[in-house]
Amino acid sequence: MVDYENAARHPGGPEAKRAVIVGAGIAGLAAALRMHREGWDVVVLERAPARRSSGYLLNLHGPGYDAAERLGLLPALVPRDIGFFTSVLVHADGREKFTVPAAVAQAAVGNRALSLFRGDLESALYDVVAAHADIRFATTVQAVTQQTDAVEVALSDGTHLRADLLIGADGVHSRIRELVFGPEADYLVELDHMVGAFPLDTVPAHVPEGVGTTFLGPRRTAAVMNLGPGRSSAFFTYRSPDSSAESARGAAPALTAAFGDLGGGIAEALQQLAADPADAYFDSVGQIVIDRWSHGRVVLLGDAAWCVTVFAGYGAALALDGADRLGAAVAAHGDDLAAALDTWEQSLRPEVRKRQALARKGISRFAPPTRAHVWAGDLMLRAIQLPGYPRSRPAIDPAREQLIATRQGERPPTRTQLVGGLPRTCPRQESNLRPSAPEADALSPELRGRGSTRLDRQPVDRAVHSVSHHRRCGQNEWWRISSAEAAGPRGR
Ligand SMILES: Cc1cc2nc3c(=O)[nH]c(=O)nc-3n(C[C@H](O)[C@H](O)[C@H](O)COP(=O)(O)OP(=O)(O)OC[C@H]3O[C@@H](n4cnc5c(N)ncnc54)[C@H](O)[C@@H]3O)c2cc1C
């Protein structure tokens with residue numbers, strides 16, 4: 001007979017409902033806090049043997065900041081806020097290209113914003129939750145069985161739990177999703193990039209205090225932040241179509257192979273990583289697209305349900321918001337759990353969809369496809385400091401958009417709809433425009449030296465910004481180069 005050992009740990013009394021939450025990350029701890037507030041007993045299962053260290057930097061603004069406020073976290077988070085810092089764009093050898101003052105980011109985001117280490121956000125949540133929840137480290141779930149009136153989980157320590165609701169908040173590679181919804185391959189959409197991020201034990205000597213330096217090159221970005229002892233960190237992302245091979249190499253060898261040619265603070269950060277790779281976050285970048293986030297008494301939350309990726313800069317915000325809304329929905333629907341989960345999902349889907357789409361469109365900001373894109377990005381960063389600068393629209397991958405639409409149970413977008421998401425064609429596009437010398441330099445090698453760059457109305461996979469064109473037409477438009485043009489010289 002199964003021994004439900006947890007029966008003794010029922011602080012809410014035998015009448016209280018029970019939630020078992022898998023994962024003590026942002027989503028899991030926020031859910032624990034919210035469900036406890038609704039009078040539920042909460043058990044949190046965490047695979048890691050102990051709480052993790054500071055990790056990488058997170059920004060919370062907009063709905064993420066609002067959710068932190070609703071959860072009552074601001075008094076604990078505000079003292080941990082790093083604030084805005086100066087960004088310096090650097091060349092490969094670490095020399096300065098140009099500076100973006102902290103005030104620019106502040107003006108863009110506003111005052112209702114926090115910059116935090118992931119570990120600080122997790123600690124703030126843990127400190128509130130620990131007194132009320134039964135948190136078990138080094139414990140995971142091996143099996144899930146659903147009945148009409150309960151869900152049962154078999155734990156890795158040989159015990160069993162019975163609950164009213166099982167919340168899978170165990171991250172992008174969720175075990176609960178695999179056990180209840182199916183294999184990861186059915187839901188993961190690879191974005192063909194790797195990301196690495198880690199705290200720096202020693203303050204980087206090549207980066208002034210209070211400054212973050214960023215190197216942006218074709219298909220890769222590296223950033224090193226010197227925010228003083230215990231608060232400095234590094235961030236890397238690069239394009240890689242074979243994420244399994246990169247993951248297998250491990251953080252230090254893979255990041256050194258991808259960024260080892262760079263100097264300055266980046267070289268220092270890689271040396272520190274090689275000496276102590278244990279605290280590094282290193283993973284492929286992939287979105288979770290699943291058409292239903294709950295199944296009976298099991299619900300997925302946070303990255304497990306909808307990972308929007310680092311390119312959205314919004315996953316922690318959605319984890320907090322999602323947890324808060326889950327608590328509110330459960331409170332509003334009483335015993336009707338199905339209605340609560342339906343309402344909850346409907347309220348969150350539009351924001352998740354929007355953030356996932358923005359992340360896919362934002363890839364080229366983190367890993368510009370060509371040198372021309374780097375050049376255009378630099379130009380935009382410089383110009384963004386000017387008042388009234390209109391934002392450009394990025395390139396998107398039509399095949400990926402169609403896969404995602406299909407997974408979401410939607411009609412795949414037409415070519416015209418996809419083109420609508422790309423930069424507009426300049427109204428003066430009829431002429432054959434010859435790039436000026438600096439523009440030609442900025443073009444990718446295969447486009448350089450061509451007689452003329454013909455503008456084309458067809459869907460494209462490359463776009464090059466033209467300064468002289470901008471001057472000519474007085475607008476900040478993008479040139480479109482047809483795929484055929486981008487493919488290389490045809491011996492005209
Ligand atoms: C470099 C980087 C920068 C980012 N920047 C931002 C940002 O600026 N703003 C923002 O809002 N978001 C940002 N994000 C995204 C954000 O960090 C994530 O979306 C968020 O942490 C997801 O929280 P989660 O709780 O769903 O998952 P996780 O944080 O992954 O937590 C999952 C937890 O479950 C545990 N677990 C896993 N498997 C099991 C198992 N089988 N059993 C038990 N426990 C298990 C894990 O150990 C972990 O503790 C960034 C992400 C990265 C990588």
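**Figure 1. The ligand sits between two domains of this predicted model.** Domain 1 (5-84 + 112-187 + 289-360) and domain 2 (188-286) both hand residues to the shell around the ligand, so the ligand ends up between them. Which residues come nearest? Of the 36 residues around the ligand, it's Gly23, Gly25, Gly171, Gly302 and Gly315. Sorted by class, the shell has 20 nonpolar residues, 10 polar ones and 6 charged ones.

**Figure 2. Helices and strands that line the ligand.** Five elements each put at least two residues into the shell: α1 (26-37), β3 (57-61), β12 (188-200), α10 (303-306) and α11 (315-333). Which of them gives the most? That's α11, with 4 residues.

**Figure 3. α11 and its two helix partners, α1 and α12.** Start with α1 and α11: their axes lie 8 Å apart and the helices pack at an angle of about 20°. That angle makes α1 roughly parallel to α11, since anything under 35 degrees gets that label. The crossing of these two helices, α1 and α11, is right-handed. Now swap in α12 (residues 337-361), which packs against α11 at an angle of about 155°, with the axes 8 Å apart. This angle is over 145 degrees, so α11 and α12 count as roughly antiparallel. Here too, the crossing of α11 and α12 is right-handed.

**Figure 4. Trp40, a buried residue in a loop.** Look for Trp40 in the loop between α1 and β2 (41-45). Is Trp40 buried or exposed? It has 23 other C-beta atoms within 10 Å, and 20 or more is what it takes, so Trp40 is buried. Follow the chain 287 residues along from Trp40 and you get to Gly327, yet the C-alpha atoms of the two are separated by 9.9 Å.

**Figure 5. The α8 and α9 pair.** Helix α8 covers residues 251-259 and helix α9 covers residues 264-275. Their axes come within 9 Å and cross at roughly 160°. With that angle, α8 and α9 are therefore roughly antiparallel to each other. What is the handedness of the crossing? α8 passes α9 in a left-handed crossing.

**Figure 6. Asp192 and Arg219, two non-glycine residues with positive phi.** Asp192 belongs to strand β12, an element that also supplies at least two residues of the shell around the ligand. The phi of Asp192 is near 65°, a positive value even though the residue isn't a glycine. Asp192 counts as partly exposed because it has 17 C-beta neighbours inside 10 Å. Arg219 has a positive phi as well, about 65°. You'll find Arg219 in the loop between β13 (211-217) and β14 (220-226). With 19 other C-beta atoms within 10 Å, Arg219 is partly exposed; the cut-off for buried is 20 or more.

**Figure 7. Val285 in strand β16, with Thr309.** Val285 is part of β16, which runs over residues 281-288. It has 23 C-beta neighbours inside 10 Å, so Val285 counts as buried. How many residues separate Val285 and Thr309 in sequence? The count is 24, while the distance in space, C-alpha to C-alpha, is 6.2 Å.

Definitions and conventions:
Residues are numbered from 1 along each chain as its sequence is written. This is a predicted model: local features need pLDDT of at least 70, side-chain atom pairs count only at pLDDT 80 or more; totals for chains, interfaces and linings use all residues. A residue is near a molecule or strand if its C-beta atom, placed from the backbone, lies within 6 Å of it. Ala, Val, Leu, Ile, Met, Phe, Trp, Tyr, Cys and Pro count as nonpolar, Asp, Glu, Lys and Arg as charged, and the others, Gly among them, as polar. Domain bounds come from an automatic or database domain assignment. A residue is buried if 20 or more other C-beta atoms lie within 10 Å of its own, exposed if 12 or fewer, and partly exposed in between; C-beta atoms are placed from the backbone. Axes are lines fitted to C-alpha atoms, for helices over the stretch in contact, and angles run from 0 to 180 degrees between N-to-C directions. Angles under 35 degrees count as roughly parallel, over 145 as roughly antiparallel, 65 to 115 as roughly perpendicular and the rest as oblique. A crossing is left-handed if the near helix is turned anticlockwise from the far one by less than a right angle, and right-handed if clockwise.
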